[in-house]
Amino acid sequence: MEDGNTTCGSEPSFARTRAEMEKPHYNRGFEYWLMREAANRNPNIELDALEWSMPGWFKGVWSQDNADYLVKFIEGAKHWGLKMKYISGCWNERDYNRDWIVNVLRPTLDRNGFKDIKINAPEGAGKAWEISDLLVKDSVFRNTISSISYHYPDSYMWGYRGEEPNPNSVLTELPLWSGEDFSLPGASWRNTTYLAKNILKCYIKWKIVKVNMWCPIASMPDISCFSNVGLMKGTTPWSGYYEVWPTIWAVAHFNQFAKPGWKYLDSGCGEFSGDGAYCTYKNMDGSNDYSIVVVSGSEGQKLTFNIADLPKDKLHVWKSDSKSQFVQQEDVSVVNGEVTLAIDPESIYTITTTTGQQKGAHNIPKEKPSQQNTVIILIITL
């Protein structure tokens, strides 16, 4: 919340002046409300925040003002009954400052009662992974941040970035994120399979364990830029109308079958002919639950997975394709620890030991124009 242009419009700041820091306006804007609505639906959701711009009254970007402002933002979340888990110690896709993170932001969080808040950086594009070269040599810095986050690490809007993984990023032993990804309209099946493959390839190639989609909901007016970018669409909130795009179900193939704390199994991740890819996830709570997400390419395949400690003799299968999404299929049998599945081209599958998944169905209200009056202001310059 900084009263600055954030690609999709400006978002009002809770402290437009230094004086307002004494009594911040935490009911301005929509971000806290949106986080509250998300937490109402999933109390286990992990909340993090990234600074896109900042108020002009700061005495510099890497200042005590900035650290204090981030503390107030976290206090605002607490005011709304929310618990932040992460805060980004950087400026979105611009820069980070090692000394500010270590000597200003971390101590400011600690003395204000937020020792549990984790810091991630650099949330950049381009050569962002170069932070790894510093972290492997700087133990103080490495112990101050909790994750390395990069934007569009493998590709951007179908365009391969051409950057190779930095070996030091894994040597830092910090979780690696794609803090912003996708940026495409979610209505087409082509973009849907791109999204799912990108999640898989982010781990297969980069060992990235968290992928954030931009943006979750296409909610800008149709006349604005990026108006159709997102996983679903809702541009007339006053009517209650929204469009559920197939990208929602691509994400469900991951989020309904693996939770934070599950582990990627390297031996169960890879690519196959026709531009297909797969990743295997294991629950580490001792249950031996597994989920395997597969995105096929241009060819049909018969895949066999060998998992020695499967707890069940049948696994559940969910499928999405261009005609229908997130449909449960017939169970597949486990024979001597092996599971074989025939897959169709250009489809998404999840094979799992878990249950409880659902697609859900809701009556969507009809779209209608706003009842608010439109005010046109004409400015004449003499």
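These exercises work through helix packing, a pocket and some backbone features in a predicted model.

**Exercise 1. Helix α1 against helix α2**

Describe how α1 and α2 pack, and state which residues make the contact.

Solution.
- Step 1: Locate the helices. α1 covers residues 31-41, and α2 covers residues 64-79.
- Step 2: Take the geometry. The axes lie 10 Å apart, at an angle of about 45°.
- Step 3: Classify the angle. This angle makes α1 oblique to α2.
- Step 4: Give the hand. The crossing of α1 past α2 is right-handed.
- Step 5: List the contact. α1 brings Glu 31, Tyr 32 and Met 35. α2 brings Lys 72, Phe 73, Gly 76 and Ala 77.
- Step 6: Sort by class. The contact of α1 with α2 has four nonpolar residues, one polar and two charged.

**Exercise 2. Helix α2 against helix α3**

Find the crossing of α2 with α3 and the make-up of the contact.

Solution.
- Step 1: Locate the partner. α3 runs over residues 98-111.
- Step 2: Take the geometry. The α2 and α3 axes come within 9 Å and cross at roughly 40°.
- Step 3: Give the hand. α2 passes α3 in a right-handed sense.
- Step 4: List the α2 side. Gln 64, Asn 66, Ala 67, Asp 68, Leu 70, Val 71 and Ile 74 take part.
- Step 5: List the α3 side. Trp 100, Val 104, Leu 105, Thr 108, Leu 109 and Arg 111 meet them.
- Step 6: Sort by class. The contact of α2 with α3 holds eight nonpolar, three polar and two charged residues.

**Exercise 3. Helix α7 against helix α8**

Are α7 and α8 roughly parallel or roughly perpendicular to each other? Set out their contact as well.

Solution.
- Step 1: Locate the helices. α7 spans 189-206, and α8 spans residues 246-255.
- Step 2: Take the geometry. Their axes come within 9 Å and cross at roughly 25°.
- Step 3: Classify. Angles under 35 degrees count as roughly parallel. α7 and α8 are therefore roughly parallel to each other.
- Step 4: Give the hand. The α7 and α8 crossing is right-handed.
- Step 5: List the contact. α7 offers Trp 189, Thr 192, Leu 195, Ala 196, Ile 199 and Leu 200. α8 offers Pro 246, Thr 247, Ala 250, Val 251 and Phe 254.
- Step 6: Sort by class. The contact of α7 with α8 has nine nonpolar residues, two polar and no charged.

**Exercise 4. The second largest pocket**

Which element supplies the largest share of the lining of the second largest pocket?

Solution.
- Step 1: Size it. The volume of the second largest pocket is about 310 Å³.
- Step 2: Find its centre. Of the 16 lining residues, Asp 154, Tyr 194, Lys 197, Lys 201 and Asp 275 are the closest to the centre.
- Step 3: Assign elements. β9 (159-160) and α7 each supply at least two lining residues. The largest share, eight residues, comes from α7.
- Step 4: Sort by class. The lining has four nonpolar, four polar and eight charged residues.

**Exercise 5. Backbone features**

Where do the cis peptide bonds to Pro 122 and Cys 215 lie, and where is Lys 207?

Solution.
- Step 1: Take Pro 122. The bond from Ala 121 to Pro 122 is cis, with omega near 5°. Pro 122 sits in strand β6 (residues 118-124).
- Step 2: Take Cys 215. The bond from Trp 214 to Cys 215 is cis, with omega near -10°. Cys 215 is in the loop between β11 (210-214) and β12 (217-218).
- Step 3: Take Lys 207. Although not a glycine, Lys 207 has a positive phi of about 60°. Lys 207 lies in the loop between α7 and β11.

Conventions
Residues are numbered from 1 along each chain as its sequence is written. This is a predicted model: local features need pLDDT of at least 70, side-chain atom pairs count only at pLDDT 80 or more; totals for chains, interfaces and linings use all residues. Side-chain values use heavy atoms; hydrogens and water are left out. Axes are lines fitted to C-alpha atoms, for helices over the stretch in contact, and angles run from 0 to 180 degrees between N-to-C directions. Helices (H or I, at least four residues) and strands (E, at least two) are DSSP runs, numbered from the N terminus. Angles under 35 degrees count as roughly parallel, over 145 as roughly antiparallel, 65 to 115 as roughly perpendicular and the rest as oblique. A crossing is left-handed if the near helix is turned anticlockwise from the far one by less than a right angle, and right-handed if clockwise. Contact means heavy atoms within 4.5 Å. Ala, Val, Leu, Ile, Met, Phe, Trp, Tyr, Cys and Pro count as nonpolar, Asp, Glu, Lys and Arg as charged, and the others, Gly among them, as polar. On a 1 Å grid over the protein atoms alone, a cavity is a set of points where a 1.4 Å probe fits but cannot get out, and a pocket is an open set with protein on both sides within 12 Å along at least five of seven lines; lining residues have an atom within 4 Å of a point. Grid points are joined across faces, edges and corners, and a volume is the space filled by probe spheres set on the points.
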